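Welcome, and thanks for taking a look at this one with me. Below are a few numbered notes to help you find your way around.

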Amino acid sequence: MPLGVSIIFSGSGAWQQTGGRPLFAEVGMAEDVNQETPIPEEENGSEFEIPEELRGQVTITTLDKLYNWGRRNSVWPMMFGLACCAIEMICVAASRYDFSRFGMEVMRPSPRQSDLMIVSGTVTKKMIPQIVRLYNQMPEPKYVLAMGACASGGGPFKEGYNVVSGVDKFVPVDVYVPGCPPTPQALLHGLITLQEKIDKQSIQSVRWYSKQASEPIPIPILGPDLIDPRDLPDFAERQAAVEEKAAAEAKT
Ligand code: SF4
């Protein structure tokens, strides 16, 4: 059997628990398995033919689809909010919008149990070291959603003395949701966009299965101003250039 192809047997107890309804309708089990109509070969989604007598009990899919199907429907967000956008995020968790429909209702108070960081609000220079630390503590696979104008680019406080001009300057952002604040529907759309991104990932190329371990992001240093440790070599280079220039001027 080639890599990436798996067979799901659904003629088990689980099948009976669902009252004969297909468990994996999305990956090729047609809704009409309870009917007499055979599944057309092209809907199978693979080059393998299912024998007539097994149709309705066996379906064929890829490991990628199966793996992503499980992950996309159990994205647990981290439970934290930063500013006004957090109120909209809370609305999405409440009954009217209810993101438990997407398997996301288990908001975790610990980064070690979270898959998704929703950055919902203004990112201040005082807060960004904590955000980066929390991101580093999340296990792979992990995703970041920048919710609203502030998290995406500073928003109305852009270039403010105490505000970071976008959380993507420090952590990799997967989905941006525009608005000030974004509506709950917009956040839902962002979460569905993230699910679509997960659908497109392949088990053979995702970074968390690569041979090299993920490097943690250096924690920014907050002093009189915010310093990104990744910029320190640049600072040293610029300082050396200034000193060199001053020495040349002193000689002349
Ligand atoms: S984007 Fe608007 S609503 Fe959201 S945190 Fe910033 S100011 Fe508040």
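Which strands do the buried residues of H4 pack against? Points 1 and 2 lead up to the answer; please keep in mind throughout that this is a predicted model.

1. Let us begin with the overall layout. The protein has seven helices and seven strands, and from the N terminus on they follow the order β-α-β-α-α-β-α-β-α-β-α-β-β-α. Of its 252 residues, 39% count as buried. About 14,500 Å² of the protein is exposed, with carbon and sulfur atoms supplying 56% of that area. Among contacts between residues at least 6 apart in sequence, 72% join residues at least 24 apart.

2. Now for helix H4, which spans residues 128-137. Its buried residues are Ile 128, Pro 129, Ile 131, Val 132 and Tyr 135. Around the axis they cover an arc of only 160°, which puts them on the same side of H4. A general point helps here: an α-helix has 3.6 residues a turn, so residues three or four places apart point the same way. And here is the answer to the opening question: the buried residues of H4 pack against S3, S4 and S7.

3. Helix H3 (residues 85-93) can be read in a similar way, starting from its buried residues: Cys 85, Ala 86, Glu 88, Met 89 and Val 92. Seen down the axis of H3, these fall within an arc of 155°, so they line one face of the helix. Ile 87 and Ile 90, on the other side of H3, are exposed. The partners of the buried residues are strand S3 (116-120), strand S4 (143-147), helix H5 (148-153) and helix H6 (184-199).

4. Lys 125 deserves a visit while you are in this part of the chain. It sits in the loop between S3 and H4. Is Lys 125 buried or exposed? Its relative accessible area is 17%, under the 20% limit, so Lys 125 counts as buried. Leaving aside residues up to four places away in sequence, Lys 125 touches Tyr 161, Asn 162, Val 163, Val 164, Leu 222, Asp 225 and Leu 226.

5. Next, the ligand. The residues around it are Ala 83, Cys 84, Cys 85, Gly 121, Thr 122, Ala 149, Cys 150, Pro 156, Phe 157, Gly 179, Cys 180 and Pro 181. This shell divides into nine nonpolar residues, three polar and no charged. Cys 85 may look familiar, as it is also one of the buried residues of H3.

6. For aromatic rings, a search of the whole structure finds two pairs. In one of them, the rings of Tyr 67 and Tyr 209 have centres 6.2 Å apart and planes at 40°, so the pair is tilted. Tyr 67 belongs to helix H2 (residues 63-72) and Tyr 209 to the loop between H6 and strand S6 (221-222), so the pair ties together parts that are 142 residues apart in sequence. Ring pairs link Tyr 67, Trp 208 and Tyr 209 into a cluster.

7. Finally, have a look at Asp 231, in the loop between strand S7 (226-227) and helix H7 (232-251). With a relative accessibility of 33%, Asp 231 counts as partly exposed. Asp 231 and Pro 220 are eleven residues apart in sequence, and their C-alpha atoms are 10.0 Å apart in space.

Note on methods. Residues are numbered from 1 along each chain as its sequence is written. This is a predicted model: local features need pLDDT of at least 70, side-chain atom pairs count only at pLDDT 80 or more; totals for chains, interfaces and linings use all residues. Side-chain values use heavy atoms; hydrogens and water are left out. Helices (H or I, at least four residues) and strands (E, at least two) are DSSP runs, numbered from the N terminus. Buried means under 20% relative accessible area, exposed over 50%, partly exposed in between (1.4 Å probe, protein chains only). The arc is that of the directions from the helix axis to the C-beta atoms. Contact means heavy atoms within 4.5 Å. Accessible areas come from the Shrake-Rupley method with a 1.4 Å probe; for residues, only the protein chains shown count as cover. A residue is near a molecule or strand if one of its heavy atoms lies within 4 Å of it. Ala, Val, Leu, Ile, Met, Phe, Trp, Tyr, Cys and Pro count as nonpolar, Asp, Glu, Lys and Arg as charged, and the others, Gly among them, as polar. Rings of Phe, Tyr and Trp (its six-membered ring) pair if their centres lie within 6.5 Å; planes under 30 degrees apart count as stacked, over 60 as edge-to-face and the rest as tilted.
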